[in-house]
Amino acid sequence: MISLNVNGTSRELDAEPEMPLLWALRDLLKLTGTKYACGKALCGACTVHMDGQPVRACVTPVSAAAGRKITTIEGLSADGDHPVQRAWVELDVVQCGWCQSGQVLAAAALLEANKNPSDADIDAAMDGNICRCGTYPRIRAAIKRAAEIKRGGAA
Amino acid sequence: MNSDTNAGRRHFLIGTAVIGAGLVIGVAVAKRRGTATRSGGGGKTLSPNAWLRVAPDNTVTLASGKSEMGQGISTGLTIALGEELDIDPARIVVEFAGADKIYYHPFLPQQFTGGSNSTVTTHEVLRQVGATARAMLLAAAAKKWDTTVAELRTDNGVVYYGSRKLTYGELADAAAAEVPAAKPTLKTQAQFKYIGKSQPRNDSRVKVTGRAKFGLDVDVPDMLTAMIARAPVFGATVKSFDDSEARKIPGVVAVKQVPSGVAVLAENTWAAERGRDALKVDWNLGSMASFDLAQVRADYRAKIRKPGLIARNDGDALKALQAAGARSIDVEYELPFLAHATMEPLNCVVHARADGADMWVGTQSQSQDVEKAAEILGLKPEQVKLHVQYLGGGFGRRASTVSDFTVEATHVAKDVGRPVKIIWTREDDMRGGYYRPFSISRVRAAIDKDGKPLAWYHNCVSQPVLATSAFAKMVIKPDGSDPSSSEGSANLPYAFPNIRVDSINGVNGVPILWWRSVANSFHGFVVNSAMDELAALAGKDPVEFRRGLLGSQPRHLAVLNRAAEMANWGRPLAAGHFHGVALHESFGSIIAQVAEVSVDGTEVKVHKVHCAVDCGTAVNPGQVEAQMQSGIIYGLSAALWGEISFKDGRVQQSNFDDYRVMRMSEAPAIEVSIINSGAALGGIGEPGLPPIAPAVCAAIFAATGKRIRKLPIASALA
């Protein structure tokens, strides 16, 4: 058995140690907000936070997550009211939506580390997250808007 | 399909009576809320698939026959319905309907989502449904208050009579007894409250909280997960396989041969993948093992020298090309096979039983998927219940002309007894075929000594896409030509006195499919690139040259002028930056783009794109902008890097490391300007794509003097 702390709750998993965290979350814990898209840490769709840092769940063995604090999109906020989520809704960012859990979590981690990211900071933090619908212009604007909300400039 | 559009419009007006009946049914469903059955009884046929339901609890539900793959249709349809029903579109709950004839396309007997036509074909239908329902609600209210409809008014889901009021929900029961008008009165444009104003997407919240359910997220009790070892080259078949190691993997439940390969069924995804890795399959490779693109290229290049199937023939282009004093170009363009590479890889869940089946899938082709599954399972289509999920991208891939991935899933799930989810890995998806066809085009065009146009002859060889579909019999012309092959070439807007456009059916064994904007994705490039070459030959500015040939095309001219204005065309740019322009009409919308580009060796940077669009009327301007951005960025990935190539018949690309797509730092700033010309509604999901590759290539020419006649750009510059 592997003990995981996911979204503030301790969970016991009967998983093989090398099973990727992605499939442990999706198949065993039924947390399907974390998405599969490449399986090789190339696209960022499976991004989750591990002790506050963004990691790719598709290449993280579940054993490596034991004892760490995992936050998935389901646990980012209680009511979808994280500044990043609010900005995403306000600016109508999403299209198909498959990459957006990862985009939101990558942006949330960026704003934890950087209260006022420049375009270059956004490029650096978000380049690992692919969006085939091309929502990049709105993601960029929404990160800036989220930073504003986070700094207290709420709508 | 442009020529069929008018016929289509006539059909859907006839069909409105049927849809009006659907509304009565919808209200009747509400009446029976909470009862044990929703079918039969009361002398009325009940259908859970009616477009609209107004419930006594005041919930207004739109059961959409169209799939949501990011294009924003589930928001767009609420605007049309809400406008005429007179209720805030944001209050309308959207659910995805299964397969039902009520949702058939107006002139093709199938339910599907594609061709950028969801708004075009259903906007007016939803308006009629909304207006019919509102009239019935008003009639019911007039009876309750013993007055006339003329004394009543509505506002946001409430009927008012002086100071008295009743919600639509309170009136739903009584309204169900009203007879729907044969032809309800629709609002005039001046009366619109919602159409034409940006309406927030209704799927944002579920998609930023992880609650949206896509096909891959489906979890039903007792479900197995399967991966399939598929043929390494197209058309190969299983000779034999050894599953002894696969069966030892913990969690593997069964191994099963299916027509497309060998499936490993397991208790979870990880076990299925490891089980598949442990399989040993021996294949009968077949003829595609020696597939060589160089041979296809040689074959196409020979074909392109000869006349093809005529798609347009004004005057005598061949003769005019020989005119004395003519200055001409004769250029060839080559575009590669492309994968759709949707973010969510293909998947499908099927639960097959003796007495029926359920299918959970994100699909663009509802009715065909159900029909094919029923055929395989020996069931009637109505015994297969389709549960449509959100699509993690479509771009055409989830509108398989042969239902490849749902057919395969049905074969896997047949006789298993438990529901089975089939998951494609990224590599499976990239190598699974159904690509944008490889094409070679040739344009010969001539101007006279003063630069005036003389002739245009455009010929293209590619595999015909519609010919592979269920619509083939309806649309393939007697001469064997596929009208979809000349979409974007036959509609040349420029005033050449002699125009000929041909298509030639290419043949090779690679499975092909519509890929965002279909043939427009190559014709937009070819036509604009050749126009840019012709402008240079004439010694004219590319915008000015086009303007001179658009005298009878006011919409094209307005769009071109708007994009040129936005970009300050002709004014100096930052050092090392260059502009290129392109103009293309597809799916009823006209779009011009100006790309600002710099080139450093083989590195091309697209800094900014100015995009002007005339889609008739922008129903939801915010989403028109989003789809322009989307088409541009998707098109840039393809233009710069996109290519599926082969070695010994094996696809050489596998994942996002070798099939490069655009990332945040590479995405240009994009400015969109909408022209509401009032022309017939055009599509928006695809038309933003065709102009971007030629606009960038024109800018590369301006920067370097090098013509890009073969995509992708990165290979051409290497």
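## Exercises on a predicted two-chain model

In this predicted model, 15 residues of domain 1 of chain A are in contact with twelve residues of domain 2 of chain A.

**Exercise 1.** Describe the side of domain 1 of chain A that touches domain 2 of chain A, by elements and by residue class.

*Solution.* Begin with the elements: those giving two or more residues to this side of domain 1 are β3 (47-50) and β4 (53-56) of chain A. Of the elements, β3(A) gives the most, with three residues. Next, sort the residues of this side by class, which yields seven nonpolar, seven polar and one charged. Finally, place the two domains along the chain: the domain assignment sets domain 1 at residues 2-75 of chain A and domain 2 at residues 83-150, and their centres, taken over C-alpha atoms, are separated by 21 Å.

**Exercise 2.** Find how many residues of chain A are in contact with chain B, and which elements of chain A take part.

*Solution.* Start from the contact between the chains, where 44 residues of chain A meet 47 residues of chain B. Then look for the elements of chain A that give two or more residues to this side, and you find α1 (21-28), α3 (83-90), α4 (100-113), α5 (119-126) and α6 (136-150). Divided by class, the side of chain A that touches chain B holds 25 nonpolar, eleven polar and eight charged residues.

**Exercise 3.** Decide how compact chain B is for its length.

*Solution.* First take stock of the secondary structure of chain B, which has 19 helices and 26 strands. The radius of gyration of chain B is 27 Å, and since the globule rule gives a close value, 27 Å, for 718 residues, chain B is as compact as a globular protein of that length. The span of its C-alpha trace along the principal axes is about 80 × 75 × 50 Å. As for burial, 56% of the 718 residues of chain B count as buried. Last, consider the contacts in chain B between residues at least 6 apart in sequence: 78% of these join residues at least 24 apart.

**Exercise 4.** Trace the open sheet of seven strands in chain B and state which strands stand at its edges.

*Solution.* Write down the strand order, which in chain B is β9-β10-β7-β17-β14-β15-β16, with mixed pairing. At the edges stand β9 (252-258) and β16 (384-388) of chain B, and because each has a single partner strand, one side of each is left without a neighbour in the sheet. From one strand to the next, the twist averages 20 degrees.

Now follow the pairings from the β9 edge. A hairpin joins β9(B) to β10(B) through two residues, and these antiparallel strands share six bridges, with B:K256 having B:A263 of β10(B) as its bridge partner. β10(B) also pairs with β7(B), in the antiparallel sense and over six bridges, and here B:M227 stands opposite B:V264 in β10(B). Six of the six residues of β10(B) are buried, so this strand is largely enclosed by the rest of the structure. In the next step, β7 (residues 224-230) and β17 (residues 420-423) of chain B run parallel and are joined by three bridges, and B:A226 has B:I422 of β17(B) as its bridge partner.

To finish, add the helices. Helix α7 (residues 269-278) of chain B lies across β7, β9, β10 (261-266) and β17 of chain B, at about 25 degrees to β7(B). Helix α10 (residues 366-377) of chain B packs on the sheet where it touches β14 (347-353), β15 (356-361) and β16 of chain B, and its direction makes about 145 degrees with that of β16(B).

Note on methods
Residues numbered from 1 in each chain as written. Chains lettered and ligands numbered in written order. Predicted model: local features only at pLDDT ≥ 70, side-chain atom pairs only at ≥ 80, totals over all residues. Contact = placed C-beta atoms within 7 Å. Helix = DSSP H or I, 4+ residues; strand = E, 2+ residues; numbered from the N terminus. Nonpolar A, V, L, I, M, F, W, Y, C, P; charged D, E, K, R; others polar. Rg over C-alpha atoms; globule rule 2.2 N^0.38 Å. Buried ≥ 20, exposed ≤ 12 C-beta atoms within 10 Å, placed from the backbone. Domains from an automatic or database assignment. Pairing = 2+ DSSP bridges. Axes fitted to C-alpha atoms, helices over the stretch in contact; angles between N-to-C directions.
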